Amino acid sequence: MIEELLPGGIMSSEAFDDSRPCALFPAEAALINGAVEKRRREFATARWCARDALIRLGYPLVPVVPGAKGAPVWPSGAVGSITHCAGYRAAAVARSCDITTLGIDAEPNKPLPAGILEVIAVEEELRWVTDFLRRDPSVRWDRLLFSAKESVYKAWFPLAPLRQPRLDFTQASITCDPAGGGLLARALVEGPQLRDGSELREFSGRWLVRRGLLMTAIAVAAST
Ligand SMILES: CC(C)(COP(=O)(O)OP(=O)(O)OC[C@H]1O[C@@H](n2cnc3c(N)ncnc32)[C@H](O)[C@@H]1OP(=O)(O)O)[C@@H](O)C(=O)NCCC(=O)NCCS
């Protein structure tokens with residue numbers, strides 16, 4: 001499913017359960033020794049997905065360990081993103097010459113817990129979420145907004161400008177195309193600087209809802 005959201009040049013892999021046996025590298029295993037079973041399983045299956053996607057990109061089997069603030073460390077020349085939620089795990093990777101950064105996120109297509117929307121949404125987002133929920137309650141637009149913000153954060157983090165190392169929920173505003181599956185995120189603070197010196201303020205992506213899951217992806221092409 002996730003591949004439907006990703007432009008060319010990105011390899012992805014997904015799993016709907018933890019049945020794939022994934023041998024962990026010692027550096028990976030050390031990180032989850034003592035973690036609860038659920039975390040061990042999602043971590044291992046996400047590594048299976050990451051390796052599967054990396055192999056298809058031409059990389060050998062390598063450990064994928066969290067680095068600064070939990071962001072996965074990809075092999076040299078690769079960028080990527082990982083997500084997991086109940087019943088779903090996925091990884092997406094690309095060569096940095098093709099894709100500058102990317103972020104993926106999956107969530108259950110269920111309402112956000114009470115009070116969360118008001119914390120994560122800016123005014124214009126509250127307006128469209130309320131409107132879309134009224135028109136089509138089969139999609140949990142509040143959760144979709146949350147997921148889009150998580151994808152933006154994951155794409156933002158590896159490029160984060162020194163003055164803006166993390167992006168808070170209300171520091172980006174998302175708009176969403178309810179019919180076409182597109183989304184656009186606009187940073188409300190200084191954006192990362194790209195190699196050509198331009199500032200990255202807008203992130204485009206896609207979303208979909210299927211099988212009780214809702215997912216979003218953001219990708220910034222290297223030519224942007
Ligand atoms: C880090 C965060 C984005 C993870 O999202 P999540 O929905 O909780 O969990 P997911 O399962 O989808 O993603 C987990 C994966 O994200 C990746 N991740 C963690 N921290 C990350 C970071 N700083 N940057 C990029 N990716 C990160 C990891 O690969 C992790 O999987 P792993 O621990 O198995 O390696 C989230 O916990 C968070 O801190 N959000 C607050 C910041 C935010 O979203 N701001 C909104 C900006 S508009």
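The exercises below work through a predicted model, each with a task and a stepwise solution.

**Exercise 1. The chain as a whole**

Task: Establish how many helices and strands the chain has, in what pattern they follow one another, and how its radius of gyration relates to that of a compact globule.

Solution. Begin with the secondary structure, which comes to 5 helices and 8 strands. Reading along the sequence then gives the pattern β-α-α-β-β-β-α-α-α-β-β-β-β. For the overall dimensions, take the C-alpha trace, which spans about 50 × 40 × 30 Å along its principal axes. A compact globule of 224 residues would have a radius of gyration near 17 Å, and because the chain has 17 Å, the two agree. Turning to the interior, 40% of the 224 residues count as buried. Finally, among contacts between residues at least 6 apart in sequence, 62% join residues that are at least 24 apart.

**Exercise 2. Two domains and their contact**

Task: Divide the chain into its domains and determine which element gives the most to the side of domain 1 that touches domain 2.

Solution. The domain assignment places residues 2–104 in domain 1 and residues 105–221 in domain 2. Their centres, taken over C-alpha atoms, are separated by 21 Å. The contact between them takes 22 residues from domain 1 and 22 residues from domain 2. On the domain 1 side, at least two residues each are supplied by β2, β3 and β4 (99–108). Of the elements on that side, β4 gives the most, with 6 residues. Sorted by class, the side of domain 1 that touches domain 2 has 14 nonpolar, 6 polar and 2 charged residues.

**Exercise 3. The shell around the ligand**

Task: Describe the residues that surround the ligand and decide where the ligand lies with respect to the two domains.

Solution. The first step is to collect the shell, in which 22 residues surround the ligand, the closest being Gly70, Ala71, Ile82, Tyr153 and Phe157. The elements that give two or more residues to this shell are α2 (37–56), β2 (78–85) and α5 (141–156). The most comes from α5, with 5 residues. By class, the shell has 12 nonpolar, 4 polar and 6 charged residues. The last step is to place the shell: domain 1 (2–104) and domain 2 (105–221) both give residues to the shell, and the ligand therefore lies between them.

**Exercise 4. Strand β3 and its partners**

Task: Find the strands that pair with β3 and explain why β3 is described as largely enclosed.

Solution. On one hand, β1 (residues 10–15) pairs with β3 in the antiparallel sense over 6 bridges, and within this pairing Ala15 has Arg89 as its bridge partner. On the other hand, β2 and β3 are joined in the antiparallel sense over 8 bridges, with Gly80 standing opposite Val93. The hairpin of β2 and β3 has 2 residues between the strands, and in it Gly87 takes a positive phi near 80°. As for burial, 7 of the 8 residues of β3 (residues 88–95) are buried, so the strand is largely enclosed by the rest of the structure.

**Exercise 5. From β6 to β8, and the turn at Arg211**

Task: Trace the pairing from β6 through β7 to β8, and then decide whether Arg211 is buried or exposed.

Solution. Strand β6 (residues 182–187) is joined to β7 by 5 bridges, and the two run antiparallel; here the bridge partner of Gly182 is Arg206. Next, β7 and β8 pair in the antiparallel sense over 6 bridges, and Arg206 has Ala217 in β8 as its bridge partner. These two strands form a hairpin with 2 residues between them. Arg211 is found in the loop between β7 (202–210) and β8 (213–221), and its phi is near 55°, a positive value in a residue other than glycine. Because Arg211 has 11 C-beta neighbours inside 10 Å, and a residue with 12 or fewer is exposed, Arg211 counts as exposed.

**Exercise 6. The surroundings of Leu117**

Task: Determine whether Leu117 is buried or exposed, and which residues Leu117 touches.

Solution. Leu117 is found in helix α3 (residues 116–120). With 20 C-beta neighbours inside 10 Å, and a threshold for burial of 20 or more, Leu117 therefore counts as buried. Leaving aside residues up to four places away in sequence, Leu117 touches Leu112, Val129 and Asp142. Phe146, 29 residues from Leu117 in sequence, lies 7.9 Å from Leu117 in space, C-alpha to C-alpha.

Key
Residues numbered from 1 in each chain as written. Predicted model: local features only at pLDDT ≥ 70, side-chain atom pairs only at ≥ 80, totals over all residues. Near = placed C-beta within 6 Å. Helix = DSSP H or I, 4+ residues; strand = E, 2+ residues; numbered from the N terminus. Nonpolar A, V, L, I, M, F, W, Y, C, P; charged D, E, K, R; others polar. Domains from an automatic or database assignment. Pairing = 2+ DSSP bridges. Rg over C-alpha atoms; globule rule 2.2 N^0.38 Å. Contact = placed C-beta atoms within 7 Å.
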